[in-house]
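Here are my notes on this one, as numbered points. Have the model open while you read.

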Amino acid sequence: MSTTPAKPVSNDLPPLTEANTVRWPASALTGAATRRLALPLGSLVLFLVLWQVVAASGAWSETLVPPPVKVWDAFIDVSTTHDGVRGYNGTYLIEHLGISLRRIAFGAGIGIVLGLVFGLVMGTVGWVRSLFEPWITFLRTLPPLAYFSLLIVWLGINEEPKITLLAVAAFPPVAVATTTAVAAAPRQLQEAARALGGSRRDVVKDVILPSALPEIFTGVRLSVGVAYSSLVAAELVNGLPGIGGMVKDAANYNNTPVVIVGIAAIGISGLVIDGLLLRLERTVVPWRGHA
């Protein structure tokens, strides 16, 4: 019985050329970009319409729910000089925001740097983690107002308690994230690096840190968010000029439009900073999300 030899099967893939390359139509790419822009704008328009409907219904007084036009007028007032008054309490809105951002930069910056150092040490040295982790967890569960009064007693009412509060608030998230990420670095890669003659410093620099960077960036973003949420608390006392101090002072006089303007300024600036951190993360950690 004769058999016909099987035809060999080639595993070679055809070369990647312009002819067999899949290309997305330019219209499809443009449509996706348009949807990404249209959805947030559409949700904003819907929110403004619902806000106007609620304000016009008369269910609540304008002191509680001012219409959007009054909030816009308040924005113009605090951003310009009107009737001889410069902004709010003699300071423009952008200046209030800039002063608060400077406080966050110093306070959160100190907390993030300390959190990175503590997290790296706790993730690599077991007894240090056992010693400090309960204290960091205890600090993480405390609301900022719980210890702000104590900071005022210790440090006075100037910039020191504000910066310290923001640093203390920003410290635990990045410390916990860094500790967890460093401790979870692949053991096989660490052992392979040591087997190839790498020192402890080389293992940390070339294996542990690259593996931990994605979660470290997540911890940094969380820390900045916590610092932002603590901003008004940090500026409760002697917070003017400052955006949180402006919100607190306007609330004392039931000036709801200015309160809403201040809240919007905090939220929008927070979105911008988080977007910048996310872009930085994609640049520094391009391997995130790739196996």
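**Notes on the predicted model**

1. Glutamate 235 and arginine 103 pair through their side chains in a salt bridge, at 2.7 Å from N to O. Glutamate 235 sits in the loop between α9 (231–234) and α10 (243–252), while arginine 103 belongs to helix α3 (residues 93–124), so this pair ties together parts that are 132 residues apart in sequence. Keep in mind throughout that this is a predicted model.

2. Are the two partners buried or exposed? Glutamate 235 has a relative accessibility of 1%, and since buried means under 20%, that puts it in the buried class. Arginine 103 is buried as well, with a relative accessible area of 5%. The pair is also part of something wider: a network of salt bridges links Arg103, Glu159 and Glu235.

3. In total, the structure holds seven salt bridges. As a reminder, side chains of opposite charge can pair when their charged atoms come close. One of the seven joins glutamate 62 to lysine 70, with 2.5 Å between the closest N and O atoms. Here glutamate 62 is partly exposed at 43% relative accessible area, and lysine 70 is partly exposed at 39%.

4. Another salt bridge brings together the side chains of arginine 129 and glutamate 133, at 3.3 Å from N to O. Both residues are in helix α4 (residues 126–141), and because they are four residues apart, about one helical turn separates them. The background is familiar: an α-helix has 3.6 residues a turn, so residues three or four places apart point the same way. As for accessibility, arginine 129 is partly exposed at 26%, and glutamate 133 is partly exposed at 33%.

5. Now the overall layout. The chain has 11 helices and two strands. Reading from the N terminus, the order is α-α-β-β-α-α-α-α-α-α-α-α-α. Of its 291 residues, 32% count as buried.

6. Helix α6 (residues 159–183) deserves a look. Its 25 residues should span 36 Å at 1.5 Å a residue, and the C-alpha atoms at its ends are indeed 36 Å apart, so the two values agree. Where does α6 bend? The bend is at phenylalanine 171, by about 25 degrees, and a proline, proline 172, follows within four residues. This helix is mostly covered, with 18 of its 25 residues buried.

7. On to the largest pocket, which holds about 600 Å³ of space. It is lined by 19 residues, and the closest to its centre are Ile260, Val261, Ala264, Ala265 and Ile268. The elements that give two or more residues to the lining are α1 (26–57), α2 (68–79), α3 and α11. Which of them contributes the largest share? That is α11, with eight residues.

8. One last detail on helix α11 (residues 256–284), which includes threonine 283. This residue has 59% relative accessibility, and because exposed means over 50%, threonine 283 counts as exposed. The side chain of threonine 283 also reaches back to the backbone oxygen of arginine 279, at 3.0 Å.

Technical notes. Residues are numbered from 1 along each chain as its sequence is written. This is a predicted model: local features need pLDDT of at least 70, side-chain atom pairs count only at pLDDT 80 or more; totals for chains, interfaces and linings use all residues. Side-chain values use heavy atoms; hydrogens and water are left out. The expected span of a helix is 1.5 Å times one less than its number of residues. The bend at a residue is the angle between axes fitted to the seven residues ending there and the seven starting there. Buried means under 20% relative accessible area, exposed over 50%, partly exposed in between (1.4 Å probe, protein chains only). A polar contact is a pair of N or O atoms within 3.5 Å; within protein, one must be able to donate a hydrogen and the other to accept it, and residues adjacent in sequence count only if both atoms are side-chain atoms. A salt bridge is a side-chain nitrogen of Lys or Arg within 4 Å of a carboxyl oxygen of Asp or Glu. On a 1 Å grid over the protein atoms alone, a cavity is a set of points where a 1.4 Å probe fits but cannot get out, and a pocket is an open set with protein on both sides within 12 Å along at least five of seven lines; lining residues have an atom within 4 Å of a point. Grid points are joined across faces, edges and corners, and a volume is the space filled by probe spheres set on the points.
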